[in-house]
There are 2 protein chains.
Amino acid sequence: MRAFTVVMAGGGGSRFWPLSRQEYPKQLLNLSGRDIMLNDTILRMEPVISRTNAYIVTNAAQEKLTKKLLAARIPKRHVLAEPARRNTAPCILYAALMLKKKYGEAVMCVLPADHFIADEEAYRACIKEAMGIAKKTDGLVTIGIRPDCPATGYGYIACGEKLPKTEAYRAAAFREKPDRETAKGYLSSGNYLWNAGIFVWKISSILAAYQAHLPAMYEEMMKLYDDIGTKYETQRLESVYPLLENISVDYGIMEKAEEVYVLPCDCGWNDVGSLDALALMLPKDTDGNAIRGNAMVQDSKGCIVSAGKRLVAVTGCEDLMVIDTEDALLVCPKDRAQDVRKIAERLETEQRSEG
Amino acid sequence: MRAFTVVMAGGGGSRFWPLSRQEYPKQLLNLSGRDIMLNDTILRMEPVISRTNAYIVTNAAQEKLTKKLLAARIPKRHVLAEPARRNTAPCILYAALMLKKKYGEAVMCVLPADHFIADEEAYRACIKEAMGIAKKTDGLVTIGIRPDCPATGYGYIACGEKLPKTEAYRAAAFREKPDRETAKGYLSSGNYLWNAGIFVWKISSILAAYQAHLPAMYEEMMKLYDDIGTKYETQRLESVYPLLENISVDYGIMEKAEEVYVLPCDCGWNDVGSLDALALMLPKDTDGNAIRGNAMVQDSKGCIVSAGKRLVAVTGCEDLMVIDTEDALLVCPKDRAQDVRKIAERLETEQRSEG
């Protein structure tokens, strides 16, 4: 059975200001110094699924830049553009229908475009096993990250009974972002995993699930099934897409489907939800400062300094983030990384000039 | 008797990096948002001595930029250029000889180009009284700032007996920068004043003092006295100046002269010795953040944020300095302002590119 990677790459990026902007979102940034996150996501899969079998779903506003930054890595016609921003359920349905039309049955790995994986071997081993389970069953498989702290920023998945001869469990329940106390309980129970938004299934399995649990969305999209791959596709999509429910695949499908499996994974996963995640991705000096660009950091500990060509000198600071770009600069303690979104929003409200 | 202002404006500025550079020293910076420090120094004196009676001594390397930034404030021919960097003794002797040649006897106020004065009325009142004393006596008068803390970065002047019918004292002793304990003793005695490097005297008085206490320097410079104001002045100065002793007027003259007076002054003086002095000079928000330029400062206290056109966002910080310029950025706690010199020096050593 053929296998495809579908990367969901339509996000904005106010939490990564000033590196990211509305028109320059996180997945299009080179945070690691290696490549943009979107390309990293595709290339990381290569030993399992070739990049020629990779598709990207982005939105119309980011389509052009996405195609440009992909360079020659995957064919430009593998970039699908949503005509309106919706949540993950419509996006995945569109990709599944496109794959069915083009290839018939296949295994489909759905990946967020902007996550970081420290241990890629472990990650690929897990994806491979998930693909095996997806082929053998009609189930929907998701990767569950084993938590190492009581994070309140992630959804959790409760493990049910073990699936024989595999490392997977039945997913007993999906839980929204918990409060601190609840998260502590999840962590100590050892029975909960973080929901990383990574999904593996057969096309037939996921389409059956849409038909059962989001029938209106399924019917609406099926109206344009015949036009997929024709010159009418874009136009039909533009008329249908804005009518679709704004709902996540977790909420619309995963929480309701009968046969859902979760496969625990220890791969140093991070959703790169705020700027402090740069500390994971950049090389560190002996004082634990994560540095890139033309930076001079001295008498400092645990800082994140992201410079461009302009010299950035940081001295006598601790756990501070200094994020410099051509037209804007951010200085903020690491533990206030969540506040960055507020700045980006305030800037938008005030229509403030950045340089 | 005519009176002249002579501003000593030949300093470098490694402690003000990245705002100042070797070729762009502190006195040529607009720190207050009003004007460059050199112009402020001249204009602050205007009610006492007109700017048409102001002279500037700088060095050859800074002559061009100094003339440019003075704009139309004072005649360009009032900018004297030292052909080599020497200390204050040669600089003041050169200015005194030039004034004598041009105007005969006069009162001469020698001012550093890069100090800040909060209370300009009090400052001018003190200068006026010093001028009166200088005229009536043959003494050398200096302004002594009443200390409000046991500063270890300034020299001190011990007050001797009171000069009748004035606020001045005989200067009993000049003390170099003390250690902390000594400085505390000076402060609690109430008998010591900070040496601000501000001097007032008649030309005849100071020339007599050079003749008595720095006779070699005096003789050397007198060799070119006849050439001052002629086309030979620059050439003769170039041959004589590098031979002169590298010595301060404090050490070479003031500590040795017989008739030295010190006039106490409370004028909110600051020598702007390091970047944290910006806090005195810039407008503050309600959280005590001193801000200028395109800056957005929130949830922060006691910071100094100097931005240009580029947006600088600072959030969640305390007592931090963020100094942004076109080609370099500095981030450093206020209480580490002294370390800035080290950065500038390291940059020079490493010949590092700033942008």
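Analyst: Two strands are said to pair if DSSP finds at least two bridges between them. With that in hand we can read this model, which is a predicted one, beginning with a hairpin-like question of partners and then moving outwards to the chain contact.

User: How many bridges join strand β16 (residues 320-324) of chain A to strand β17 (residues 328-333) of chain A, and do they run parallel or antiparallel?

Analyst: Strands of a sheet pair through backbone hydrogen bonds, either parallel or antiparallel. In this case five bridges connect β16 and β17 of chain A, and the two strands run antiparallel; within that pairing, Ile323(A) lies opposite Leu330(A) of β17(A).

User: In what order do the six strands of the open sheet stand?

Analyst: The order is β12(A)-β14(A)-β16(A)-β17(A)-β15(B)-β13(B), with mixed pairing, so the sheet takes strands from chain A and from chain B. At its edges stand β12 (290-292) of chain A and β13 (295-298) of chain B, each of which has a single partner strand, so that one side of each is left without a neighbour in the sheet. On average, neighbouring strands of this sheet are turned by 5 degrees against each other when direction is ignored.

User: In which sense do strand β15 (residues 311-315) of chain A and β17(B) pair?

Analyst: They pair in the parallel sense, over four bridges, and Ala313(A) is found opposite Leu330(B) in β17(B).

User: Which strands of chain B each supply at least two residues of the side that touches chain A?

Analyst: The contact as a whole brings 26 residues of chain B against 27 residues of chain A. On the chain B side, β15 (311-315), β16 (320-324) and β17 (328-333) each supply at least two residues, and β17(B) gives the most, with six residues. Sorted by class, this side of chain B has 15 nonpolar, three polar and eight charged residues.

User: By what turn and shift can chain B be laid on chain A?

Analyst: A turn of 179 degrees with a shift of 0.1 Å along the axis lays chain B on chain A with an RMSD of 0.1 Å, and that is the relation of a two-fold axis. In chain B the C-alpha nearest the axis belongs to Val331(B), at 4.2 Å from it. The same surface serves both copies, since 100% of the contact residues of chain B recur in chain A.

User: Turning to burial, how many of the six residues of strand β2 (residues 54-59) of chain A are buried?

Analyst: A residue counts as buried if 20 or more other C-beta atoms lie within 10 Å of its own. By that criterion six of the six residues of β2(A) are buried, and both faces are covered, with Ala54(A), Ile56(A) and Thr58(A) on one side and Tyr55(A), Val57(A) and Asn59(A) on the other. Strand β1 (residues 3-8) of chain A pairs with β2(A) in the parallel sense over four bridges, and four bridges also join β2(A) to β3 (residues 79-82) of chain A, again parallel. Val57(A) is the bridge partner of Met8(A) and stands opposite Leu80(A) in β3(A).

User: Why is Leu29(B) classed as partly exposed?

Analyst: A residue is partly exposed when its count falls between the limits of 12 or fewer for exposed and 20 or more for buried; Leu29(B) is partly exposed because 18 other C-beta atoms lie within 10 Å. Leu29(B) sits in the loop between β1 (3-8) and α1 (37-44) of chain B. Neighbours within four places in sequence aside, its contacts are Phe16(B), Leu19(B), Ser20(B), Ile36(B) and Met37(B).

Definitions and conventions:
Residues are numbered from 1 along each chain as its sequence is written. Chains are lettered from A and ligands numbered from 1 in the order in which they are written. This is a predicted model: local features need pLDDT of at least 70, side-chain atom pairs count only at pLDDT 80 or more; totals for chains, interfaces and linings use all residues. Two residues are in contact if their C-beta atoms, placed from the backbone, lie within 7 Å. Copies are superposed by least squares on the C-alpha atoms of residues with pLDDT of at least 70 in both. Ala, Val, Leu, Ile, Met, Phe, Trp, Tyr, Cys and Pro count as nonpolar, Asp, Glu, Lys and Arg as charged, and the others, Gly among them, as polar. Axes are lines fitted to C-alpha atoms, for helices over the stretch in contact, and angles run from 0 to 180 degrees between N-to-C directions.
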